[in-house]
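User: I would like to learn how to read a sheet and a nonpolar core from a set of coordinates. Could we take one feature at a time, with the general idea before the case?

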Amino acid sequence: MIDDREFCALVRQRGGTLLELSGRLAAMRAGEAPLTRPLVGRLLLEAGQMETLLDEYGAPQNHCWSRFRALVASLKNFARIGEVLAYMQRRLSSYRLLPVAGDFPAATTERLRLLTEVIAAVAAALVEEAQAVGIELPATTPQPPDSDDAQPAGRLARDRGDRITCDTATTVPRLATEFLNLAVDGDLLRTAALVAPEDYAACFPDPVSEERLRQLTFRFHNLQSLYDTYVAGTSRESGDDDLPILRGHASVIYHLLEIATDLAHYYERHTSPRTADAVLRERPVVDTDATMATLFCYAMVFSSDYLAGGQRLCQSILGRYAEPGRLDVPVPSYRGFHVRPSNLVARIVAYYGSSVHMRLDDALFDAASPFELFRANETINARKRRWLASEIARVHPDCADFCAPQAIAAAVLAIVHRLAGEGKIMLYRQPLEFSDQLGRRQGSVLENSVAEIAQLQATGQLEIRTDLTVTFIGDKRVLADLDVLARCGYGEDAFGNNVVLPKALSYLRR
């Protein structure tokens, strides 16, 4: 076991610069110290090295040193948030962001100011704790270190030729589609953006958690990297004004998620009454309400707004990059395009924002409208009845003859069971409850059979099975998902029971 005095000397030797930086920040805790890049860089470097040293010696599990370790980690955490805020503030003009309801530049400036005060408060607490554990502090001067962050204005000339890459015509739709996927998976951002302040704590761990935010951050970082590898600097980027806007939205959401992840980490690790370590929870240094406001009112709200704007932009991009195609698929076997199949088809089309139509005979139906697809059932049922009449004539050739009511009823029963046995109709109830008009209707066996089967179909007791197909016309990317949907029975089996949608259509499950 290492002696506390010996360990104090080690921390003093290795952490002298960190403690000196903290002392200077603490002396200017009213927010006067600018959060410059050199200052943040030094804080991150020194705090990271000190955190590693403390962990190697087991400080998190030591009663004397655990609070010191937590404060070092907090200082690093908030310095990293400050680094991201300052970076976004400098880069805002280059992001070409679409307008949102709030004033994002002003909000970023204000959050950076508040964050500077938070860092100063944590630095002051770290100095105080260092004295409490017996560390001799270095002498400090009133001026903050590394305060000179002056840089000349302007940018280098953009005089390099276009990069030579693979065909970006396929990459751009892939980027836009992935953004749409992230917009669906980012539903937690929209949910959290609407939460009232008194309910912030109740959002942990569902829907908000460090784990979920970190996973979403990673995916937006991947999207940004994909753009920079295959699109940035190409002739397609310079010829399409929407692409830099898409990149700007992906970048700003990524940085906002970085901030949200670090704030969620701080809350769950150091503040939450359910999961936090008591060393900071019982003696708080940072105002929890202020950190939660930054997490929800700033990071969540603006990332949600820019996600919505990027989603509309991507749908517009996909519309311009659409590859026209045709897809022939069977009509849903259970009651045609009723509520569930029609809604799933319309949601796929709406997800991509492309124009897709469904052709049946000579009629076109807007596939983005469930009500349009419902209307197609009129044509589908008419074709089923015509097909049914030919099948009845096949199994009962003398069905045109007029017979006594008992004979007609017996013939209708025989025809129904014959067609069911051949799989031409699907029975959903057994025994069937025939109407009191069985055999009593005017007309032939054919007419009675068609009428009785139509009655059984209307009451949900059976369905007519046919090989009817429809043709979807539109963007190939949308058609590919419609094909997947059709192959899994439009989300239901032959009896109308819901089935699990495949992974490719996971966005429909939300």
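Analyst: Let us begin with the sheet, bearing in mind that this is a predicted model. Strands count as paired if at least two bridges are found between them, and on that basis there is an open sheet of four strands here, in the order β1-β6-β2-β3, with antiparallel pairing.

User: Which strands stand at the edges, and why is one side of each left without a neighbour?

Analyst: The edge strands are β1 (324-330) and β3 (363-366), and because each has a single partner strand, one side of each has no neighbour in the sheet. From one strand to the next, the twist averages 25 degrees.

User: How many bridges join β2 and β3, and what lies across them?

Analyst: Strand β2, residues 357-360, pairs with β3 in the antiparallel sense over four bridges, and Leu360 stands opposite Ala363 in β3. Helix α14, residues 370-395, lies across β2 and β3 and runs at about 145 degrees to β3.

User: How should I read the largest nonpolar core, and which residues touch the most other members?

Analyst: A nonpolar core is a set of buried residues joined through side-chain atoms within 4.5 Å. The largest one has 134 residues, among which Phe68 and Phe472 touch the most other members, while helix α10 (residues 242-271) gives the most to this core, with 15 residues. Leaving aside residues up to four places away in sequence, Phe68 touches Val11, Leu19, Met50, Leu54, Leu126, Glu129, Ala130 and Ile135. There is also a second, separate core of 20 residues, including Val412, Val416, Leu438 and Ile453.

Technical notes. Residues are numbered from 1 along each chain as its sequence is written. This is a predicted model: local features need pLDDT of at least 70, side-chain atom pairs count only at pLDDT 80 or more; totals for chains, interfaces and linings use all residues. Side-chain values use heavy atoms; hydrogens and water are left out. Helices (H or I, at least four residues) and strands (E, at least two) are DSSP runs, numbered from the N terminus. Axes are lines fitted to C-alpha atoms, for helices over the stretch in contact, and angles run from 0 to 180 degrees between N-to-C directions. Contact means heavy atoms within 4.5 Å. Buried means under 20% relative accessible area, exposed over 50%, partly exposed in between (1.4 Å probe, protein chains only).
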